[in-house]
Structures are given as C-alpha cells and as structure tokens.
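Hi,

Here's the structure we talked about, ready for you to load. My notes on what turned up follow right below it.

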Amino acid sequence: MNDLNEFDVVVVGGGPAGLGAACAAAACGRAVGLVDDTPWLGGQIWRGQKGRPWQALEWIERFKACGAKLLDNTSVIATPQRGVLMAEKDGNPCEIRYAKLVLATGARELFLPFPGWTLPGVIGPGGMQSLVKHGWPVKDQRVVVAGSGPLLLAVAAGLRQYGAHVVSVVEQAPRSSVLQFGFSLRSHPSKLWQAARIKMGLLGVPYRCGAWPAKAEGSDNVGSVTLTDGHKTWTEECNLLACGFGLVPNVELPLAAGCELKDGFVQVNEWQATSVTGIYCAGEPTGIGGADCALVEGQIAGYAASGQPAPAESLFILRARWHKFRAALARAFALRPEVKQLATDSTLLCRCEDVTVGQMRQHTNWRDAKLQTRCGMGSCQGRICGAAAKEVLGWGMESVRPPILPARVQSLIVKAK
Ligand SMILES: Cc1cc2nc3c(=O)[nH]c(=O)nc-3n(C[C@H](O)[C@H](O)[C@H](O)COP(=O)(O)OP(=O)(O)OC[C@H]3O[C@@H](n4cnc5c(N)ncnc54)[C@H](O)[C@@H]3O)c2cc1C
C-alpha cells in the first residue's frame, strides 16, 4: 500500500504540528504518510541536527518508532482532486493519495520593505539563524537584529553564541506591551524559563522597544542601519542586519484545497477540522502560537482524522492554555502603522521582478498590479511580496494557483495529463 504512496492519513509538514499529527494517527493504527519538502524532520524550529532541545529529540524518536512513512524532500505542489496530492520528490513528479489529510504547513517570515532592505547582508532573523546553524560563519560580525516578535531575542542570543557581536536588538512594539507579554508568561513556566535563559545570553546587549529601522545603507553590503522611535533617529554600524516583522502563515496549500480562511488564518473547529470534509489543519496556518501550541493542535488533528475523539478531547484544556499564549503574542507584537509605511516610491517591493512600491501604487489591487507589472511572478511566487503588499497596500491575494512551491515543468505536464 505504502509503495503506492496511498495512506489513510497524509500529513503535510514535518514541524511540531505535523509530527504530533502523524504520531497520533499512527498510534490509532492508521497508515500514515508524512510529507515534508526538506531533508530533515522538525520544521523551522527544530531543523538541523545540532543542539536540538530534548522535546525535539523526543518527538523525532517517537515519530521514527510510530510506523509512519516519511516522504522527505517532497514538495506538495497541487491538489488536483479530492484525495490526491500532486508532489515532487527529489525533482521527480509523484502522486500521494489520502483518505484524510492534515495540513501542517507552518509559517514564513514577514519582510516589510524599507529603503535598503534588499542590500546584501540584510536577512530575515529566522533565515540568518538557519544559515548559521548550517555553518555560515558570523564570528566577529557586527549584527543589528530588528523587527518584531520574540524570535528576535532568540536569534540574537543564538548569533552571540556563534561569536557574532550583536550591536542591539530593536523591537517595534512598545515597551509596555512587551512587559505585559513577559508578565503573561507566568502562566507558562517553560516559556518564562526559556525567556530568562535568552535574556541571560544577551546581557550587555541593548534591547530597544518602540523603535524600528528607517533605512539601511551600504555599497556592496549593508554598512549601517538608521533606526527611529518616531521622534529621534540614530545610526548603528553593522555588517549584517537581521530584520523581520513576525511570521506569515503558509495558507497557500489549504487555500488550494478549498479551505476557508478567517482573518488570514485557516478556519478550524474544535477538532482542527477545516471547512472541507476530511481535511484538518494544525499549527501556524491556524494562528501564530509557537511550537507547543502547534504540537498539541497537531495531535488533536491526528486523533480526529483517525476517528478517535476521546484522546483528542483530552487535549482540549492544554490547547486552550496555548491559545491564550497565542492571543497574548498577537496583542503584544501587533504591528504599528509606521512600520508599514517605511518604503518610499523607489523602494523595491517585489525583489524577484524588480517592481517598486511606486509602480505598485499605480494599481488598485494585487491582481491588476500582477498583470501589469509581473509582481509576484518570480521565484518566490508572491510569498514575500504578496505578504508585504497586504501590509503596505492593504491588498489580499484572491486566489492561489498551482504550483504552490517552485516545480519543474515536467511535473506540471504530468499533472495536466
Ligand atoms: C525561519 C523561521 C525560524 C524560526 N525559528 C524559531 C526559533 O528559533 N524559536 C522558536 O521558538 N520559534 C521559531 N520559529 C517559529 C516556529 O518555527 C514555529 O512556532 C513552529 O515551528 C510551528 O510549527 P509548525 O509545525 O506549525 O510549522 P513548521 O515548523 O514551520 O513546519 C512546517 C513544515 O511544513 C513544510 N511545508 C510547508 N509547505 C509544504 C509543502 N507544500 N510541501 C511539503 N512540505 C511543506 C515546511 O518546510 C516545514 O518543514 C521560526 C519560524 C520561522 C519561519
């Protein structure tokens, strides 16, 4: 059965949510396939072999022992019909069949354009962390970490461990919101402990709240960043600027499968079931809540997809606790209007197709701009500029077209046959 890639439950995404879902469904005796487009398990947070926390090791071991089949290096690129996923494995097209589907596709970083944001050396904090974990040297580099969210502090502490000189961490949320968020962590001792450890690792590094980058400058690489708190501006010299404004849910696959969204997130009921019968969703596409929230949602989805409501229900209280954390996160790090208006008319918005904010402003919606300027038609397929256009211009993407991830023409031809 499994050689045909045909499963009772298929889980897309090998992060905490996907691992939770696959283990739960396999524990119910279902034939489970876990699909991930990377060569490793663990998703964004637990990627890489070195320095994985005990929780990651425990879940990865649990997965290896549960009997589910791992389809790694496999990107799901389309949903041609109910019960069938079109994918590409190691560059070759393949079909995956399911009775029930759990979508656990995670999130990506949000980049907002400002003058100089496309200079070499300006990278998303999560992306920089990932590069460093895989061996990119940052020893003695001067790094400014800016944008929004708790990820900034985690990344800054990690960069320091690898020998970088972290000049400062700059958070756009006001200090009062960040303090309130810190206070709310008292009901999540594990997070409080994690935050305390991170802060210890950043002793001596200024953490400036209520400030954001106005522009980055340099010739062939970023050399400085000008920061502002809305009243005064100052410049810090750096060789690297890690800048990201939180996370955007990866909802393209759920959208392609016909799932309804609410406020930009996949709408699910208490069983993590989407608006499409037989399709469940867990983790960041349903709300940006962190790995613990994703893990518990994933397990609920896995049990529910296997027709086992009792073990799913036993996790509802735990999920409610993590949903409170998720709400506190959204409140504390809500984006201020100023950071959405940093770009000038000549600032690039779509860096794949070299389309400026000024060119985009000549159009009234994403579709019109796309037809006239080719924005969103480059290799990122709108994953970067589409999210930025939503924040900067207030435009939503009305639909999703396959391929959901970059794919070979050969794979698309197979799909069309
Ligand atoms: C770049 C980055 C770095 C982060 N670093 C940290 C950190 O240091 N600390 C922290 O606490 N949190 C971090 N986060 C947040 C953290 O990743 C999430 O809170 C958590 O991983 C959510 O788990 P998830 O299972 O929902 O999603 P993810 O862990 O994102 O897992 C989703 C998986 O699905 C795969 N996928 C998506 N679409 C497809 C498709 N079409 N076909 C096949 N596979 C697909 C992705 O490659 C990924 O492996 C980071 C997030 C990002 C984006």
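Leu153, Val169, Lys199, Leu202, Val205 and Tyr207 line the largest cavity. Keep in mind that this is a predicted model. The volume of that cavity comes out at about 30 Å³, and searching the whole structure gives one cavity of 30 Å³ or more. Its lining splits into five nonpolar residues, no polar ones and one charged one; the charged one is Lys199.

Now the ligand, which is probably what you'll want to look at. Where does it sit relative to the domains? Domain 1 (6–108 + 248–330) and domain 2 (125–243) both contribute residues to the shell around the ligand, so the ligand lies between them. There are 30 residues around it, and the ones that come nearest are Ala17, Asp36, Asp37, Gln129 and Glu284. By class, the shell has 12 nonpolar, 14 polar and four charged residues.

As for which elements build that shell, α1 (16–27), β4 (74–81), β7 (107–109), α3 (125–133) and α8 (291–305) each put in at least two residues. The top contributor is β4, with three.

A few polar contacts to check in your viewer:

- Glu284: a polar side-chain atom is 2.7 Å from a ligand oxygen.
- Gln129: an N or O atom of the side chain lies 3.0 Å from an oxygen atom of the ligand.
- Val76: here a backbone N or O atom is the partner, 3.0 Å from a ligand nitrogen.

On burial, the ligand taken alone exposes 980 Å², and the protein buries 90% of that.

Last item: the second largest pocket. Its volume is about 150 Å³, and the residues lining it are Ser184, Ser187, His188, Arg321, Lys324, Phe325, Ala328 and Arg331. Which helix gives the largest share of that lining? That would be α10 (residues 316–332), with five residues. In terms of class, the lining has two nonpolar, three polar and three charged residues. The charged ones are Arg321, Lys324 and Arg331. Like the ligand shell, this pocket draws on both domains: domain 1 (6–108 + 248–330) and domain 2 (125–243) each give residues to its lining, so the pocket lies between them.

That's everything from my side. Shout if anything in the file looks odd.

Cheers

How values were computed. Residues numbered from 1 in each chain as written. Predicted model: local features only at pLDDT ≥ 70, side-chain atom pairs only at ≥ 80, totals over all residues. Heavy atoms only, no water. 1 Å grid on protein atoms, 1.4 Å probe; cavity = no way out; pocket = protein on both sides within 12 Å on 5 of 7 lines; lining within 4 Å. Points joined across faces, edges and corners; volume = space filled by probe spheres on them. Helix = DSSP H or I, 4+ residues; strand = E, 2+ residues; numbered from the N terminus. Domains from an automatic or database assignment. Near = heavy atom within 4 Å. Polar contact = N/O pair within 3.5 Å; in protein donor to acceptor, adjacent residues only side chain to side chain. Areas by Shrake-Rupley, 256 points an atom, 1.4 Å probe, with all protein chains shown as cover.
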